[in-house]
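These are my notebook entries on one protein chain, written down in the order in which I looked things up.

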Amino acid sequence: MRRAVFTALTVLAGAMPVSAQTIYPLDRAQMVIGARFDLKVEFPGSPAADKVKITINGDDPAKVLGKASTYADKEDGLEQSAFWIRGAEIAKPGRYVVEA
């Protein structure tokens with residue numbers, strides 16, 4: 001069975017105004033090609049969507065995963081925001097690096 005490795009990696013860059021506190025699935029997660037999963041990136045302090053940048057292997061996550069994203073400001077009424085792609089799917093095997 002062919003498997004794809006989806007590696008979640010948080011990169012803290014000085015030029016970025018915010019950084020992710022958590023990325024799901026967690027680092028070293030392995031997915032079966034074609035299996036559906038949810039990608040979630042949480043940000044502390046509830047930053048605005050235009051202050052957040054997320055890439056997968058340097059590309060737009062919606063392009064890589066084939067699904068549109070949503071952004072929840074003050075998720076569940078808390079001081080955190082969340083970027084979501086629900087029902088995502090990896091089309092090609094390989095290593096995938098998420099940067100936020």
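Entry 1, a term to fix first. I take two residues to be in contact when heavy atoms of theirs lie within 4.5 Å. The model I am reading is a predicted one.

Entry 2, Tyr71. I looked up Tyr71 and found its place in strand β6, which covers residues 70-72. Setting aside neighbours within four places in sequence, I listed its contacts as Phe43, Pro47, Ala48, Ala49, Val52, Ser81, Ala82 and Phe83. I also checked the spacing to one of these, Val52, and noted that the C-alpha atoms of Tyr71 and Val52 are separated by 9.9 Å, the two residues being 19 apart along the chain. For Pro47 I can add a polar detail, namely that its backbone oxygen lies 2.7 Å from a polar atom of the Tyr71 side chain. Is Tyr71 buried or exposed? I wrote down partly exposed, because its relative accessibility is 25%, and the partly exposed class runs between 20% and 50%.

Entry 3, Thr55. I turned next to Thr55, which is found in strand β5. Its relative accessibility is 10%, so I count Thr55 as buried, the cut-off for that class being under 20%. With neighbours within four places in sequence left aside, Thr55 is in contact with Pro61, Val97, Val98 and Glu99.

Entry 4, rings and charge. How many aromatic pairs are there? I arrived at a count of zero by the rule I used. I did find the charged end of Arg86 sitting over the ring of Trp84, at 3.7 Å from the ring centre.

Entry 5, the chain as a whole. I recorded one helix and eight strands in the protein chain, and from the N terminus on the elements run β-β-β-β-β-α-β-β-β. Of its 100 residues, 39% count as buried, and the accessible surface comes to about 5,800 Å², with 51% of it belonging to carbon and sulfur atoms. Among contacts between residues at least 6 apart in sequence, I noted that 64% join residues at least 24 apart.

Entry 6, confidence. The chain averages a pLDDT of 78, and 79% of the residues score at least 70. Which strand has the lowest confidence? I found strand β1 (residues 3-8) at a mean of 37, whereas the highest value, 94, belongs to strand β5 (residues 55-56). Over residues 1-17 the pLDDT is below 50, although this stretch has 59 contacts in the model beyond near neighbours in sequence. I add as a caution that predicted coordinates should not be read in detail where pLDDT is low.

Terms used. Residues numbered from 1 in each chain as written. Predicted model: local features only at pLDDT ≥ 70, side-chain atom pairs only at ≥ 80, totals over all residues. Heavy atoms only, no water. pLDDT = per-residue confidence, 0-100. Helix = DSSP H or I, 4+ residues; strand = E, 2+ residues; numbered from the N terminus. Phe/Tyr/Trp six-rings, centres within 6.5 Å; stacked < 30°, edge-to-face > 60°. Lys NZ or Arg CZ within 6 Å of the ring centre and 35° of its normal. Buried < 20%, exposed > 50% of the residue type's maximum accessible area, 1.4 Å probe, protein only. Areas by Shrake-Rupley, 256 points an atom, 1.4 Å probe, with all protein chains shown as cover. Polar contact = N/O pair within 3.5 Å; in protein donor to acceptor, adjacent residues only side chain to side chain.
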